[in-house]
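Colleague: Could you walk me through this one by question and answer? I would like the terms spelled out as we go.

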Amino acid sequence: MDRFSEILSELGSILGISLVEDKYQACSILIPPLTIQLQLDPTQEHLILFTKIIDLPPGKFRENVLTEALKMNGLPDP
């Protein structure tokens, strides 16, 4: 059993549900109104958790947010 499967197994037993990774080596947990996605980073050392917080409406604000996010993606982790 790999590390991610172990994490999912432990978390699943705490939550009382069965968690398995998908073909993309990720797992989504639906906790309405959020869907939380889990996956390991490429080094298999850090667990990444993310969720969509709000929809960004079309317009200049959305363009600015996505442009800045792309810039931040190119920077090293803090």
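Modeller: Gladly: two strands pair if DSSP finds at least two bridges between them. Helices (H or I, at least four residues) and strands (E, at least two) are DSSP runs, numbered from the N terminus. This is a predicted model, in which local features need pLDDT of at least 70 and side-chain atom pairs count only at pLDDT 80 or more, while totals for chains, interfaces and linings use all residues. Residues are numbered from 1 along each chain as its sequence is written, and side-chain values use heavy atoms, with hydrogens and water left out.

Colleague: Then to the sheet: what is the order of its 3 strands?

Modeller: In general, strands of a sheet pair through backbone hydrogen bonds, either parallel or antiparallel. Here the sheet is open and its pairing is antiparallel. The strands β1 (26-31) and β3 (47-51) each pair on one side only, which makes them the edges. The order is therefore β1-β2-β3.

Colleague: How many bridges join β1 to β2?

Modeller: A hairpin through 2 residues links β1 to β2, and Ile 29 stands opposite Ile 36 in β2. The two strands run antiparallel, and the number of bridges joining them is 6.

Colleague: And over how many bridges do β2 and β3 pair?

Modeller: Within this pair, Leu 40 has Leu 47 of β3 as its bridge partner, and Ile 36 has Thr 51 of β3. Strand β2 (residues 34-40) pairs with β3 in the antiparallel sense, and the number of bridges is 5.

Colleague: Which residue in the turn between β2 and β3 has a positive phi?

Modeller: These two strands form a hairpin with 6 residues between them. The phi in question is about 65 degrees, and it belongs to Gln 44.

Colleague: At what angle does α1 run to β2?

Modeller: Axes are lines fitted to C-alpha atoms, for helices over the stretch in contact (heavy atoms within 4.5 Å). Angles run from 0 to 180 degrees between N-to-C directions. Helix α1 lies across β1, β2 and β3, and its angle to β2 is about 145 degrees.

Colleague: How many salt bridges are there?

Modeller: Side chains of opposite charge can pair when their charged atoms come close. The rule asks for a side-chain nitrogen of Lys or Arg within 4 Å of a carboxyl oxygen of Asp or Glu. Among them are Arg 3 with Glu 6 (3.1 Å, N to O) and Glu 63 with Lys 60 (3.3 Å, N to O). By this rule the count is 4.

Colleague: Why is the spacing of Arg 3 and Glu 6 along helix α1 about one helical turn?

Modeller: Their side chains meet in a salt bridge. Because the two residues are 3 apart in helix α1, the separation is about one helical turn.

Colleague: Are Asp 55 and Lys 52 buried or exposed?

Modeller: Asp 55 forms a salt bridge with Lys 52, the closest N and O atoms being 2.6 Å apart. Buried means under 20% relative accessible area, exposed over 50%, and partly exposed in between (1.4 Å probe, protein chains only). On that scale both residues are exposed.

Colleague: How far apart in space are Ala 69 and Leu 49?

Modeller: Ala 69 sits in helix α2 (residues 60-73) and is partly exposed, at 35% relative accessible area. The two residues are 20 apart in sequence, and their C-alpha to C-alpha distance is 17 Å.
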